[in-house]
Amino acid sequence: MFHTSDHTPGQPLLKPQNHDPDSDSEPDTPSASSRGRRSPIRSHDGAADPSPYDPPPSSSSRPNPRRTNSSLSIANTMRSRNPSVSPTSAATEARKKYTIAAFFLVVSLVSFTVQTELAAYVQHDLKWDKAYCMLYLTHGSWTFLWPLQLVVLRLQKRSMPWNQFWRRHVWLVRTTAEMVQRQEIVKHQHRRTRSGGPSPWGYLVRTTALVTTSLTVAGLSWYLAVSMTTPSDLTAIYNCSAFFAYAFSVLLLKERLRLDKSLAVAVAIIGVLVVAYGDGNTSAPQEGELNPATRLAGNLIIGIGSVLYGLYEVLYKRYACPPEGVSAGRGVIFANTFGSLIGIFTVTVLWIPLPLLHLLGWETFEIPTGETAWLLFISVIMNMVFAGSFLVLISLTSPVLSSVAALLTIFIVAIADWMWKGTVISGAGIVGGLLIIFAFGMLSWSTWREMQEDEARRKMLGGAGDEPDLSESDDDGRDAFLND
């Protein structure tokens, strides 16, 4: 399945015998990141410690540690004096990253549309209106993101012995977690090398609790406010999370304030307002029971939810995503792994309100059956697919682009309602949807320009560490020795 490649320009002439195959590609020292993260490369050399994926060396062929260290030093020196490799490899990785992001964007839009339609049908038509239980089931389903991902990776590497595959995967997740904790690219020369720093697992537990709490409260605000305010207010206020995502990105990620990005976010929010209020339909289904004080309280609750959802996206980007320069493969794998951590936290901790709500009579627990159970199951699966895709999208791009991309679902759901239920799309819905699409196009162009500017800055800097972290790209073909 794999094959070794001959020497090409830009590769070192000398390599240590126990050198990890993935270190043939040097991590990148990112340019001044728009996220305000530190990104120096740190190398943990472990020349005398062989990789767990290397064939066990015989005693006669065991390398001399001194000679290995010397070879490693020469190889690194030669690499640092070869800046001609950097522009091509960095540009290739950037294109790969945004191609993957585009794929997951499409998947997230389709899955969210299906999930929304099914959830609305289950709640309103089938009368299984269990807000918190549905939230618990959907977020709890994220637990399966990592196992499903592991199955896909195993199918891709099925010729590799299981023990070897498992150690490789654990090494990848652990070293990526170290990079997330430090917010810098760490160059691990060997799979058994330890960084000597604190374990990343405690950090991941704390981060998971923080991010999941923000997400859960934001989600609950929707269900709390849905009966307290009008549907138009609910849609308009909640989808202003795109604005808060941009505001928090400037504060926490140190993003540069750009005029084109600001205009794109503003146009997107205007599009949402046009959809919500363009036809003057601001009445709730039971307007007679909705007094101004209740509507104000509902708007305040959904406003808090909008802020928290924007904060959730930025907190995830800031504290749970690898730093800039890490390969797209690592980013995808770790995004789904962290999504599983959110699911595990939900299942193990957030079940506590279920019996309390039942005892208080606020939400009677009831196991769905028949058609309700099947449609709810499909809705939960679609939410899991959306969550994994959306986390990957944020990891590979930015919270702002992902948040505005999510607004596209307003127009897509309207089209789905028209095709499925025969609901006519209003003029305001069409105009607002086109504004959102235009805003997304503006933001995509701005993001691409920003990427090109960062790439140009990288090329100007030159020198060592100009290459992105390609060490764990799935298609790098540097696992050839595993089958030898």
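Let's start with the overall build: the chain folds into 15 helices and two strands. Keep in mind that this is a predicted model. Of its 484 residues, 52% count as buried. The contacts tell you how the chain is put together: if you take those with a separation of 6 or more, 85% come from residues 24 or more positions apart. On the outside, the accessible surface adds up to about 22,300 Å², and carbon and sulfur atoms own 65% of that.

Now go inside. The largest nonpolar core has 58 residues, and the members that touch the most others are Trp142, Val211, Tyr309, Tyr312, Tyr316, Leu407 and Phe440. There is also a second, separate core of 16 residues, with Tyr132, Cys133, Leu354 and Leu375 among them. Back in the largest core, Trp142 is a good residue to click on. Setting aside neighbours within four places in sequence, Trp142 is in contact with Leu215, Tyr312, Gly339, Ser340, Ile342, Gly343, Asn383, Met384 and Ala387. One of those partners, Tyr312, also appears in the list of core residues that touch the most other members.

Back out to the surface. Which residues form a nonpolar patch there? They are Val106, Val110, Val114, Trp374, Phe377 and Ile378, and together they have about 600 Å² of accessible area. Two elements each give two or more residues to this patch: helix H2, spanning 86-125, and helix H13, spanning 370-396. Val110, for one, lies in helix H2.

Next come the charged pairs. How many salt bridges does the structure hold? The count is five, and three of the pairs make a nice tour. Begin in helix H5, residues 162-182, where Arg174 and Glu178 sit four residues apart, about one turn of the helix. These two form a salt bridge, with 2.9 Å between the closest N and O atoms, and both Arg174 and Glu178 are buried. Then look at Arg182 and Glu184, whose side chains meet in a salt bridge at 3.9 Å, N to O. Arg182 and Glu184 are buried too.

The third pair is Arg258 and Asp260, with a salt bridge between their side chains at 3.4 Å, N to O. Those side chains also make a polar contact, listed at 3.4 Å. Both residues are buried. Arg258 itself deserves a longer stop: you'll find it in the loop between helix H8 (241-252) and helix H9 (259-277). Is Arg258 buried or exposed? Its relative accessibility is 11%, so Arg258 counts as buried, since the cut-off is under 20%. As for what surrounds it, and not counting residues up to four places away in sequence, Arg258 touches Tyr246, Ser446, Arg449, Glu450 and Glu453.

For a contrast, finish with Ala293, which is found in helix H10, residues 292-320. With 56% relative accessibility, Ala293 counts as exposed, because that label applies over 50%. You can also use Ala293 to see how the fold brings parts of the chain alongside one another: Thr229 is 64 residues away along the chain, and the C-alpha atoms of the two are separated by 9.8 Å.

Key. Residues numbered from 1 in each chain as written. Predicted model: local features only at pLDDT ≥ 70, side-chain atom pairs only at ≥ 80, totals over all residues. Heavy atoms only, no water. Buried < 20%, exposed > 50% of the residue type's maximum accessible area, 1.4 Å probe, protein only. Contact = heavy atoms within 4.5 Å. Areas by Shrake-Rupley, 256 points an atom, 1.4 Å probe, with all protein chains shown as cover. Patch = residues over 30% accessible without salt bridge, like charges linked within 9 Å, V, L, I, M, F, W, Y side chains within 5 Å. Salt bridge = Lys/Arg side-chain N within 4 Å of Asp/Glu carboxyl O. Polar contact = N/O pair within 3.5 Å; in protein donor to acceptor, adjacent residues only side chain to side chain. Core = buried A, V, L, I, M, F, W, Y, C linked by side-chain atoms within 4.5 Å.
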